[in-house]
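Biologist: Please take a close look at the interior of this model and describe how its parts are packed together. I am new to such descriptions, and I should be grateful if each term were explained where it is used.

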Amino acid sequence: MKTLHTDTLDTPIGAITLVVDGNKLCLLEFEDHQPGIEALLARRYGDFRLERVVDPCGFSTVMRRYFEGDLRALESIQVSTDGTEFQQAVWQALKSIPAGQTLSYRELAQRVGRPSAMRAVGAANGANPVALVLPCHRVIGADGSLTGYGGGLDRKEWLLKHEGALG
């Protein structure tokens, strides 16, 4: 049975639960979206158990630094994601969007070499298991609108303002 470490921390946009596999973050979820955590982890790991750990791998401290204004702090967190080859490509491309900047779904599709796959890019973005660290909140509509965010558009707006991408 796989043991995963977990911690929950309060943030300005609500409580966040981190799940760590070894020394890599495998899931980050907002408290009000947590009912699916067990099923998501079971699909990936089969039998597992969650063990509460204070600040696993220092990731909770890194998250706090981000919310305190160190916008590059999250870059130090290593992730372990499960997904299709296409999802992995989209998630890797998210890492190339610096804090304070945004990218449209169309531009992201072009970056992964699939310029007509905007809807597929949107679906992959929505399936991102480690939001914030792989910054899916930095992807917006072609017209600049804050479209789609699994954590809610209010959180997306807060995060983009926090990073200086919105006034």
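**The nonpolar core and its surroundings**

Modeller: The largest nonpolar core contains 40 residues, and those with the most contacts inside it are Leu 25, Leu 28, Met 63, Ile 77 and Leu 132. At least two residues of this core come from each of β2 (16-21), β3 (24-30), α2, α3 (85-94), α4 (105-111) and α5 (118-126). A second, separate core has eight residues, including Val 19, Cys 26, Leu 27 and Ile 37.

The model is a predicted one, in which local features need pLDDT of at least 70 and side-chain atom pairs count only at pLDDT 80 or more, while totals for chains, interfaces and linings use all residues. Residues are numbered from 1 along each chain as its sequence is written, and side-chain values use heavy atoms, with hydrogens and water left out.

Some terms need to be fixed here. A nonpolar core is a set of buried Ala, Val, Leu, Ile, Met, Phe, Trp, Tyr and Cys residues joined through side-chain atoms within 4.5 Å. Buried means under 20% relative accessible area, exposed means over 50%, and partly exposed lies in between (1.4 Å probe, protein chains only). Helices (H or I, at least four residues) and strands (E, at least two) are DSSP runs, numbered from the N terminus. Contact means heavy atoms within 4.5 Å.

Leu 28 illustrates the packing of the larger core. Apart from neighbours within four places in sequence, Leu 28 is in contact with Ile 16, Thr 17, Leu 18, Met 63, Pro 129, Val 130, Ala 131, Leu 132 and Val 133. Thr 17 and Leu 18 are also among the residues touched by Thr 6. Thr 6 belongs to strand β1 (residues 2-9) and counts as buried because its relative accessibility is 5%. Beyond residues up to four places away in sequence, Thr 6 further touches Val 19, Leu 50, Glu 51, Arg 52 and Val 53.

Two of the helices that supply the core also pack against each other. The axes of α3 and α5 are 9 Å apart and meet at an angle of about 75 degrees. The helix α3 is therefore roughly perpendicular to α5. For contact, α3 offers Phe 86, Gln 87, Val 90, Trp 91 and Leu 94, and α5 offers Ala 120, Val 121, Ala 124 and Asn 125. The axes are lines fitted to C-alpha atoms, for helices over the stretch in contact, and angles run from 0 to 180 degrees between N-to-C directions. Angles under 35 degrees count as roughly parallel, over 145 as roughly antiparallel, 65 to 115 as roughly perpendicular and the rest as oblique.

Trp 91 is also touched by Gly 83, as is Gln 88, when residues up to four places away in sequence are not counted. Gly 83 is placed in the loop between α2 and α3 and is partly exposed, with a relative accessible area of 37%.

The aromatic rings come next. Rings of Phe, Tyr and Trp (its six-membered ring) pair if their centres lie within 6.5 Å; planes under 30 degrees apart count as stacked, over 60 as edge-to-face and the rest as tilted. This rule gives three aromatic pairs. The rings of Tyr 66 and Phe 67 form an edge-to-face pair, because their centres are 5.1 Å apart and their planes stand at 80 degrees. Tyr 66 is buried, at 1% relative accessibility, and Phe 67 is buried as well, at 11%. Phe 67 also pairs with Trp 158: the ring centres are 5.9 Å apart and the planes lie at 40 degrees, so this pair is tilted. Since Phe 67 lies in helix α2 (residues 59-67) and Trp 158 in helix α6 (residues 153-162), the pair ties together parts that are 91 residues apart in sequence. Trp 158 counts as partly exposed, at 28% relative accessibility. Ring pairs thus link Tyr 66, Phe 67 and Trp 158 into a cluster.

Finally, Arg 155 lies over the face of Phe 30, at 4.2 Å from the ring centre. A charge sits over a ring if NZ of Lys or CZ of Arg is within 6 Å of the ring centre and within 35 degrees of the ring normal. Arg 155 is also touched by Gly 14, a residue in the loop between β1 and β2. Gly 14 counts as partly exposed, at 24% relative accessibility.
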